[in-house]
Amino acid sequence: MADRTSPSPRADDAAPTRSWWGWGDPAQALPDAECAALATLVPGAAETALPVPSIASLELPPVRVSAPRTLAHLVSGDPADRAGHTYGKAFRDVVRALNGDLAAAPDLVAFPRKERDVVDLLDWAAGAGVAVIPYGAGSSVVGGVEYRAGAHAGVVSMDLSGMDRVLETDRVSRAARIQAGALGPILEAQLRPHGLTLRHFPQSFEFSTLGGWLATRAGGHYATLHTHIDDLTASLRVVTPAGVSESLRLPGSGAGPSPDRLFLGSEGTLGIITEAWMRLQDRPVHKASASVLFDRFPAAVDAVRAIAQSGLHPANCRLLDPGEAALAGVASEGRSILVLGVESAHHPVGGRLAELVALARDHGGSSPAGGSPASGGSAVGAWRSAFLRMPYVRDGLARMSVISETFETACTWDRFPELYEAVRRDLGAAVRAATGAEGLINCRFTHVYPDGPAPYFTVIAPGRRGSEVAMWDEIKAAAMRTLGEHRATVTHHHAVGRDHRPGYDRQRPEPFAEVLRAAKRTLDPAGILNPGVLFDPAG
């Protein structure tokens with residue numbers, strides 16, 4: 001087929017340097033002076049920033065296992081590799097790393113280059129009783145890549161980032177077969193010459209992989225319609241200790257339960273995703289954005305519900321409540337702001353944007369002073385900058401012992417007003433109990449559906465140095481209780497990991513839990529794959 005290519009040239013985009021202790025590019029981390037200045041906005045914060053330990057100063061646990069000679073070239077016991085693969089990027093991970101607590105460090109880090117390497121490593125690990133933690137780029141914020149089970153002979157973190165090629169492109173069907181270790185920028189660079197894009201842009205885009213998105217059912221660029229990576233998945237190839245599972249690539253099928261659904265969201269405990277056929281799009285050439293202000297948050301919520309049910313499918317539909325809008329620097333005086341965006345590869349989008357803005361105005365919205373609805377004014381750019389910068393700000397706050405937690409959920413429209421008030425009231429009380437101070441609790445919508453929104457809450461409060469993790473755990477537990485009480489999911493797109501397990505155990509139907517455990521026994525009889533996520537390890 002003339003429009004079928006295999007494989008794409010390796011992208012020029014080199015994998016970015018990643019911080020071993022915090023978010024993203026270490027060059028973008030806040031310097032001490034900026035951390036201290038930021039902390040002045042949080043009464044009760046520490047006066048000095050926690051120093052960032054050097055790799056040489058870390059006390060890592062001794063290595064307990066060694067790979068056989070035939071696999072030795074694939075593994076590393078280097079302290080920098082072990083430290084960088086110990087935790088994800090949740091607040092509690094950052095604080096423990098800053099305090100040099102690397103007790104959970106893996107014994108070895110494996111770097112497979114091809115699927116056969118994955119098979120061989122799993123065969124050795126199963127025979128040796130060594131736990132294997134699949135690792136894409138380590139951006140988990142729910143304890144998804146941290147070993148906590150404690151019953152294995154050793155632990156290997158399996159880093160898939162060396163498997164990052166677009167292996168085959170089907171231009172006619174707009175699909176590509178892609179290795180799971182491809183980081184977002186590397187993946188897109190290989191699709192660009194074909195005029196195609198996956199168009200899946202989570203906040204972690206630079207520092208997360210296709211396999212990670214699939215294993216965690218990540219949410220991406222689109223606020224409506226194509227919200228989760230599930231929607232873009234045509235078929236999966238997964239290596240399990242019991243064998244390789246590969247589903248048939250089809251536009252749709254009613255042939256029994258979907259095999260892909262077993263592995264999407266399985267977080268590496270049932271198998272290691274090595275490649276996938278993904279549905280692509282033509283690259284958009286028409287884009288437009290706008291922002292709309294609201295004096296009343298309930299009116300803004302009603303406007304977003306009308307937009308979500310309109311069938312206009314905006315690519316971006318982010319609603320920030322007054323606290324979140326002020327924190328991002330895009331609105332003041334207690335006003336909420338709605339950020340809208342539309343795009344298309346084929347036709348102008350100005351008319352659709354105008355319809356969306358009109359819907360918002362029908363519910364009391366107005367354009368920001370000095371901003372054009374057609375261009376979005378300055379608010380859209382300011383929001384985007386604040387959005388991308390926020391993880392680095394979180395790390396800066398952590399260095400000043402400021403508790404900074406985010407959690408996302410989803411609920412139906414009829415339940416949202418009560419949930420919003422309950423989170424602000426009940427979690428506010430939990431923050432006061434844990435920290436002795438009034439916390440900041442803000443909300444924004446990240447994704448919206450015809451039947452409900454996906455609210456994303458931010459909590460900021462001063463912590464006590466040395467007690468930050470315990471205080472964070474207390475606040476997290478309170479958030480999970482509140483979500484469960486109001487029949488909201490414990491996670492919309494951040495996965496379960498180990499941090500969300502208590503809430504997930506209450507949300508998940510018990511017969512389904514038994515099915516998952518049975519699948520685990522069949523696919524991973526030695527119980528080595530990411531033990532402790534989704535359900536307890538055997539025994």
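**Strands, salt bridges and burial**

Trainee: Through how many residues does the hairpin join strand 9 to strand 10?

Mentor: The hairpin that joins strand 9 to strand 10 passes through two residues. The model is a predicted one, in which local features need pLDDT of at least 70 and side-chain atom pairs count only at pLDDT 80 or more, while totals for chains, interfaces and linings use all residues. Residues are numbered from 1 along each chain as its sequence is written, and side-chain values use heavy atoms, with hydrogens and water left out.

Trainee: How do you know that strand 9 and strand 10 pair, and in which sense do they run?

Mentor: Strands here are DSSP runs of E with at least two residues, and helices are runs of H or I with at least four, both numbered from the N terminus. Two strands pair if DSSP finds at least two bridges between them; strand 9 and strand 10 (residues 243-246) are joined by four bridges, so they satisfy that definition, and they run antiparallel. Within this pair, V239 stands opposite V244 of strand 10.

Trainee: What makes strand 13 and strand 16 edge strands?

Mentor: They belong to an open sheet of six strands, ordered 13-15-14-17-18-16 and paired antiparallel. Strand 13 (286-294) and strand 16 (402-408) each have a single partner strand, so one side of each is left without a neighbour in the sheet. Neighbouring strands of this sheet are turned by 15 degrees against each other on average, direction ignored. Inside the sheet, strand 14 (residues 316-320) and strand 15 (residues 336-344) run antiparallel and share five bridges, with L319 opposite L338 of strand 15.

Trainee: Which helix lies across strand 16, and at what angle does it run?

Mentor: Helix 13 (residues 468-485) lies across strand 16 and strand 18 (452-462), and runs at about 25 degrees to strand 16. Such an angle, on a scale from 0 to 180 degrees, is taken between the N-to-C directions of lines fitted to C-alpha atoms, for helices over the stretch in contact, where contact means heavy atoms within 4.5 Å.

Trainee: Why is the pairing in the sheet with the order 2-3-5-4 of interest, and which of its strands pair on one side only?

Mentor: This open sheet of four strands has mixed pairing, and its edge strands, each pairing on one side only, are strand 2 (75-76) and strand 4 (130-135). Strand 4 and strand 5 (residues 154-159) pair in the parallel sense over six bridges, and P134 stands opposite M158 of strand 5. Helix 4 (residues 115-128) lies across strand 2, strand 3 (108-110), strand 4 and strand 5, at about 145 degrees to strand 4.

Trainee: Why are R96 and D93 said to form a salt bridge?

Mentor: A salt bridge requires a side-chain nitrogen of Lys or Arg within 4 Å of a carboxyl oxygen of Asp or Glu; the closest N and O atoms of R96 and D93 are 2.8 Å apart, so the pair qualifies. Being three residues apart in helix 3 (residues 91-98), R96 and D93 are separated by about one helical turn. Both also take part in a network of salt bridges that links D93, R96, E146, R148 and D499.

Trainee: How do you know whether R96 and D93 are buried or exposed?

Mentor: Buried means under 20% relative accessible area, exposed over 50%, and partly exposed in between (1.4 Å probe, protein chains only). R96 has 12% relative accessibility and therefore counts as buried, and D93, at 1%, also counts as buried.

Trainee: What does that definition make of D117 and K114?

Mentor: Their side chains meet in a salt bridge of 3.3 Å, N to O. D117, at 6% relative accessibility, counts as buried, whereas K114, at 46%, counts as partly exposed.

Trainee: How far apart along the chain are R261 and D230?

Mentor: R261 and D230 meet through their side chains in a salt bridge of 2.9 Å, N to O. The pair links distant parts of the chain, 31 residues apart: R261 lies in helix 7 (residues 259-263), and D230 in the loop between helix 6 (210-216) and strand 9 (233-240). D230 has 8% relative accessibility and so counts as buried. In total, the structure holds 33 salt bridges.
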